[in-house]
Amino acid sequence: MLAILGIAEAGSGHPGASFSAAEIMGSLYLRVMKHSPRNPEWPDRDYFVNSKAHSAPGYYATLSVAGYFPPDEMSSLRRLGSRLQGHPVRYSSYQQSQSVPGIEYSGGSEGIGLSVAVGIALASKMDRKRNHVYVLIGDGESNEGQIWEAAMAAAKFKLDNITVILDRNRIQQDGFTEEIMPMDPVRDKWAAFNWNTEEVKGHNVEEIMDTLYKTKRVKDRPSIIIANTIKGNGIKHMTNNPQWHGKAPPRKHTPVLLEELENECFIAPSIIAGEPENYEDKIRKAERGGADMIHLDIMDGKFVNNTTMGAETIKKLRRVTSLPFDAHLMIENPVELVDGFIDAQCDIITVHAETCTEEEFLAIAEKLLQNGISPGIAVNPPTDLPLWVFSHLEKIDVLIVMSVNPGFSGQQFLPETLEKMALLDGKLRKHGFKGYIEADGGIDSRRLQEVYDAGAKIMVAGNAVYGSSDIHGAIIQLKHKANVALERKLLARSTSLEIRQDWIRARRHILIPLANELGIEEELHATE
Amino acid sequence: MQLSNLRKTGDMRGAYGEALVELGNENPNLVCVGADTTESLKTKKFGDKYPDRLFNLGIAEANLVSVAAGLAIAGKVVFASTYAAFLPGRCLDQIRNAICYPNLNVKLVVSHAGLTVGADGASHQQNEDFSVMRSIPNMKVLAPADALAAQQLTKLVAKTPGPFYMRLARPSSEILYSESIRFALGKANVLSEGNDATIIACGLMVQRSLEAARLLKEQEGISCRVIDMFCIKPIDHDLVYDAAKKTGIIVTAEEHNVIGGLGSAVTESCCERYPVPVKRVGVKDTFGESARDDEIEDLLVKYGLTSYDIAKSVIDSRRKALV
């Protein structure tokens, strides 16, 4: 978000690239790397070489969050006299007025950073240091021959102290990478250069971190992590849109763009719904339809009057998709049983407030966070959120507000839960809750808008999807409604900022197919 | 006097290698990187002595230059060497952005520049390097005139922080200096005094300039000041000013295109402070060609880079000045 502020203030920059690598840089600076903002030249620090220097706004934002400089300086990006140059500049006693501490490498010309990292890594080996060198490169950048010169050299010198992260967002300045200069099979290429290769979902922090820790332990070979990312992730009219490779959004759009990042609406199909056909097929259909995650209802026959899948089943399903698994444990004694679901590689694990004490929940949340899994807590329609939850909001990523009594799919939505959601949303935000409210039960495309307006951002959809004769179409319809809900919110925000016409013009191609439902056909027409 | 009268010859590359071995002993942080030319550039001598401090990166110059930058970031003093055609010629981007912009401690030392490369021909006869290198901020540009100067300047650049470009000649050449000579950055050496004209030269053309001065003295009675401008950047502005003011005529001599090199640097300096006629002896904006080692002198004759060409330029300038 700091990146968007900076780019908008500057009037130029590379917003797409900043977003595709946000989770990667965050994982490095906030968790994985050994570094010290108080002592940036600490000799045993890990190095980060940002070869993909056009992601500068995101890089600066990360450095600022990590503590290298005050965030209010972001607004000086690319301005005359700023320390935040268009492409980052190495910080040294020689260059203090055009750089901020923590920047090791002056980037800007593509394809050079990996070679520089090879030099740093050679010096570390020579000095018998145990530090690590991380390098971020782009996929467009990988067109450069020098990348492959450096790849050969790193393998020759057995530089196991190098980990490259390839931001595979598949877009470069002129268009899609596979049209401009095909890089696939990119993983095979690196393997052929004698590198250890890994592949991750580039916006999944847990997976990124696990893999970063893993490559640190590899011996005698350099490692590359191919991070499959989405350019402009989070901002719809920038996402996967080459137009936004090097162009800034207008400054007055910033508040609306920030609103978009916080208010996306996710669809989570619940695969226990519908015909008792096989789960794998349901997951594949959900993915093809554009679902954001897979909701897994785990019932033990004790806490609820039904039995569904267990951890072993989830383990088998894990290889079917790379979509996040949103596991909802409707079971007794979750504190004893949660390990199995951690092993099964769920991405979100939610337990019921009715099934654990404060101490038990904290033990569960701690374990989940250590494993890079998002903790969630759920409440049934008659249950009030326990007061102790308010003391631990920073540990909670998801709050499921049940909109039916759990146990069976196909029940009617309970309208009184809307008020409960809205009330909780307001109260929790006031206490600093940064996670998502998830609504579960009886939600269909007719109902979605009001649930969204009540504050829920994750919509579990069971019968509405798998009870339909056209599963694919049903998910598309839900996703469509989710988009309409978001656009409606953003239009309202732009109206209050008195930039409505301008916003509609910037986002035309997203709004055109939704115009009828949003009631803005005439306005759209007027912007032509 | 600074000049030797022993008439010995020496090889700049050999002197460079020996200086590196000596420096490597004094400074454990000094490292070399090479690109499949370590034998030719004599950095192999250093590698034989300190095997874990010479990194051969193969025929990959862009990588060579950037790896050197990385080593410098991690605190090393780095000497990166290969042929001139492949460093400034090929790697301007990396030299500019990875080394000069962050002002890193990397020394680019090249050989095989100028026409005297000989047999390899125009592809290798880099005559544009001074021009390109001196226009990058933070870069300093040197061209020693003999093996002794090469050795001394190697030590000077090792001890002076920041990026350097130093060009060594391929052929062996006469030793001009005596052992006691010391060099200072931005301070040129006056090798002979004279009042009628000044010849400012660098690299192998210094010896030819001394020869031209001798010819002019003996045959025409013209006395020339001869300056070894081994440091093309930063150039010795005070000495150029003094030469212009006291001798009124300047001739430059370099194994480089007349565009952008020493001749241009002297002209720029002269014009701004005390304009006098400057004639530039050098490669006349053209490509060279192959010549075997025993034909090098004929090659220089063909392209107008001999002591006679320098002497003739002095005479022409004086004639014009007298008109």
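This report walks through a predicted model, from the overall build of chain A to its contact with chain B and a few local spots.

## Chain A as a whole

Let's start with size. Chain A has 528 residues, and a compact globule of that length would have a radius of gyration near 24 Å; the chain comes in at 24 Å, so the two agree. Its C-alpha trace spans about 65 × 60 × 45 Å along the principal axes. In secondary structure terms, there are 22 helices and 15 strands in chain A.

Half the chain is tucked away, with buried residues making up 50% of the 528. Take the contacts in chain A with a separation of 6 or more: 71% of them link residues 24 or more positions apart.

## Domains of chain A

The domain assignment splits chain A into domain 1 (2-240), domain 2 (257-489) and domain 3 (500-526). Domains 2 and 3 of chain A have their C-alpha centres 32 Å apart. Where they meet, four residues of domain 2 of chain A are in contact with four residues of domain 3 of chain A. On the domain 2 side, that patch is made of one nonpolar, one polar and two charged residues.

## Where the chains meet

Chains A and B each put 23 residues into their contact. On the chain B side, helix H4 (61-73) and helix H5 (92-100) each supply at least two residues. H4(B) has the largest share of that side, with nine residues. Sorted by class, the chain B side comes to 13 nonpolar, seven polar and three charged residues.

## The nonpolar cores

Nonpolar side chains tend to be buried together in soluble globular proteins. Here the largest nonpolar core holds 175 residues, and the members touching the most others are Val65(B), Ala68(B), Ile199(B), Met229(B) and Phe230(B). H4(B) turns up again as the element giving the most to this core, with nine residues.

Ile199(B) is worth a look on screen. Setting aside residues up to four places away in sequence, Ile199(B) touches Ser209(B), Ala212(B), Ala213(B), Cys224(B), Val226(B), Val251(B), Ala253(B), Ile310(B) and Val314(B). There is also a second, separate core of 86 residues, which includes Cys356(A), Ile400(A), Met402(A) and Leu486(A).

## Helix H9 of chain B

Helix H9 of chain B runs over residues 237-247, and its buried residues are Leu239(B), Val240(B), Ala243(B) and Ala244(B). Residues three or four places apart on an α-helix point the same way, because there are 3.6 residues a turn. Looking down the axis of H9(B), the buried residues fall within an arc of 135°, so they line one face of the helix.

What do the buried residues of H9(B) pack against? Their partners in chain B are strand E10 (197-201), strand E11 (224-228), strand E13 (250-257) and helix H10 (262-273). After H9(B) comes Gly248(B), with a positive phi near 75°.

## Gly113 of chain A

Gly113(A) sits in helix H5 of chain A, which covers residues 113-126. Is Gly113(A) buried or exposed? It has 33 other C-beta atoms within 10 Å, and 20 or more is enough to count as buried, so Gly113(A) is buried.

Beyond its neighbours within four places in sequence, Gly113(A) is in contact with Val49(A), Asn50(A), Ser51(A), Tyr105(A), Gly107(A), Val135(A) and Ile137(A). Ala53(A) is 60 residues from Gly113(A) in sequence, yet their C-alpha atoms are 9.0 Å apart in space.

How values were computed: Residues are numbered from 1 along each chain as its sequence is written. Chains are lettered from A and ligands numbered from 1 in the order in which they are written. This is a predicted model: local features need pLDDT of at least 70, side-chain atom pairs count only at pLDDT 80 or more; totals for chains, interfaces and linings use all residues. Domain bounds come from an automatic or database domain assignment. Two residues are in contact if their C-beta atoms, placed from the backbone, lie within 7 Å. Ala, Val, Leu, Ile, Met, Phe, Trp, Tyr, Cys and Pro count as nonpolar, Asp, Glu, Lys and Arg as charged, and the others, Gly among them, as polar. Helices (H or I, at least four residues) and strands (E, at least two) are DSSP runs, numbered from the N terminus. A nonpolar core is a set of buried Ala, Val, Leu, Ile, Met, Phe, Trp, Tyr and Cys residues joined through C-beta atoms within 7 Å. A residue is buried if 20 or more other C-beta atoms lie within 10 Å of its own, exposed if 12 or fewer, and partly exposed in between; C-beta atoms are placed from the backbone. The arc is that of the directions from the helix axis to the C-beta atoms. The radius of gyration is taken over C-alpha atoms; the globule rule is 2.2 Å times the number of residues to the power 0.38.
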